[in-house]
Amino acid sequence: MLLYALVQLVSWGALVIKLQPSRMAMVVGEGAVFLFLLGIGAYFLHRSIRKEDNLHEQQTNFLLSVTHELKSPLAAIKLSLQTIVKRDLDKARQTILLSNSLKDIERLDDLVENMLLATKIENRSYSFPKEQFNLSELLVKITDRLQIHSCGSAQMIKTEIQPDIKVVGDPFALSSVVTNLIENAIKYSGPCAEVSVNLALENGSAFLRVADKGPGIPDHEKMLIFDKFYRVGDESVRKTKGTGLGLFIVKEVLQNHDADISVKDNVPQGAIFEVTFS
């Protein structure tokens, strides 16, 4: 289309100049303006097409990721239940298998809640009902649930939580914030690598810090990670599971609580997410 318009412009311009040579300056001037506007239009059209392509690719990756995130815990639950049904296991072994199944169910529940909350936030249909609650107790509950007990005697999540820190906010939405930050830290850290979670009062405000020892986040991606569906690194070689919704939810929820979040580099490696409540 652009080539056709350019050919027509040149042919008509040459014809006008041939018939009326005195109008050459006018034809050249108007042609230059037309080419300028044509170039701007082509640039914005190209940018719009690339944006749509990127969005389509992100949505496709999201669907693939959600499918994988659903299948893994479902397969683990199925295997555990089949083992209990088909084998004569002692009480202790049954308890372990059922406990693992409950953790997988909680993982599925977190995924579904994330998807529902992200949809409600984007549609502006979630009201964020706020009340005063104990943030310290919420963190203890979430870190205990996410704690990894498969690393010998080591506790993967190291916590320093000051007791009885209370904030005014939506307990459900803020629990999603805490869960997403800690799960991301665990996900991007190496096997049995330490993740630290700290909660304290600083200058009268609640201050949450989640640090990992993963690969870290490049400076040019530190703000992009909060976009919906965005995930760090090249999708074609990425091995870490995820949907790209977690940090989008974190940003939106904290904005609705007038809270600030920042991302810093950990030393010697990793990332630190810091949240300051007003």
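These exercises walk through a predicted model of one protein chain.

The model is predicted, so local features need pLDDT of at least 70, side-chain atom pairs count only at pLDDT 80 or more, and totals for chains, interfaces and linings use all residues. Residues are numbered from 1 along each chain as its sequence is written, and side-chain values use heavy atoms, with hydrogens and water left out.

**Exercise 1. The chain as a whole**

Task: State how many helices and strands the protein chain has, and in what pattern they follow.

Solution:
- Helices (H or I, at least four residues) and strands (E, at least two) are DSSP runs, numbered from the N terminus.
- The protein chain has six helices and seven strands.
- Along the sequence their pattern is α-α-α-β-α-β-β-α-β-β-α-β-β.
- Of the 278 residues, 37% are buried; buried means under 20% relative accessible area, exposed over 50%, and partly exposed in between (1.4 Å probe, protein chains only).
- Contact means heavy atoms within 4.5 Å. Among contacts with a separation of 6 or more, 69% are between residues 24 or more positions apart.

**Exercise 2. Helix α3**

Task: Compare the expected span of helix α3 with the distance between its end C-alpha atoms.

Solution:
- The expected span of a helix is 1.5 Å times one less than its number of residues.
- Helix α3 covers residues 91-122, which is 32 residues, so its expected span is 46 Å.
- The end C-alpha atoms of α3 are 46 Å apart, which agrees.
- At the start of α3, a side-chain oxygen of Asp-90 comes to within 3.2 Å of the backbone nitrogen of Ala-92.
- The buried residues of α3 include Leu-97, Asp-104, Leu-111 and Ile-121.
- After α3 comes Arg-124, with a positive phi near 60°.

**Exercise 3. Two residues of strand β4**

Task: Decide whether Asn-198 and Ser-196 are buried or exposed, and list what they contact.

Solution:
- Strand β4 spans residues 195-202 and holds Asn-198; Ser-196 is also found in β4.
- Asn-198 has 19% relative accessibility, so it counts as buried.
- Ser-196 counts as buried because its relative accessibility is 16%.
- Neighbours within four places in sequence are left aside: Asn-198 then contacts Glu-160, Phe-207, Leu-208 and Arg-209.
- With the corresponding neighbours left aside, Ser-196 contacts Lys-158, Arg-209, Val-210 and Ala-211.
- The side chains of Asn-198 and Glu-160 form a polar contact of 3.4 Å. A polar contact is a pair of N or O atoms within 3.5 Å; within protein, one must be able to donate a hydrogen and the other to accept it, and residues adjacent in sequence count only if both atoms are side-chain atoms.

**Exercise 4. Loop residues**

Task: Find where Asn-203, Asp-258 and Pro-268 lie, and describe their backbone.

Solution:
- Asn-203 lies in the loop between β4 and β5 (205-211). Its phi is near 55°, a positive value in a residue other than glycine.
- At 83% relative accessibility, Asn-203 is exposed.
- Asp-258 lies in the loop between α6 (246-255) and β6. Its phi is positive, about 55°, although Asp-258 is not a glycine.
- Asp-258 has a relative accessible area of 59%, so it is exposed.
- Pro-268 lies in the loop between β6 (260-265) and β7 (271-276). A cis peptide bond with omega of about 5° joins Val-267 to Pro-268.
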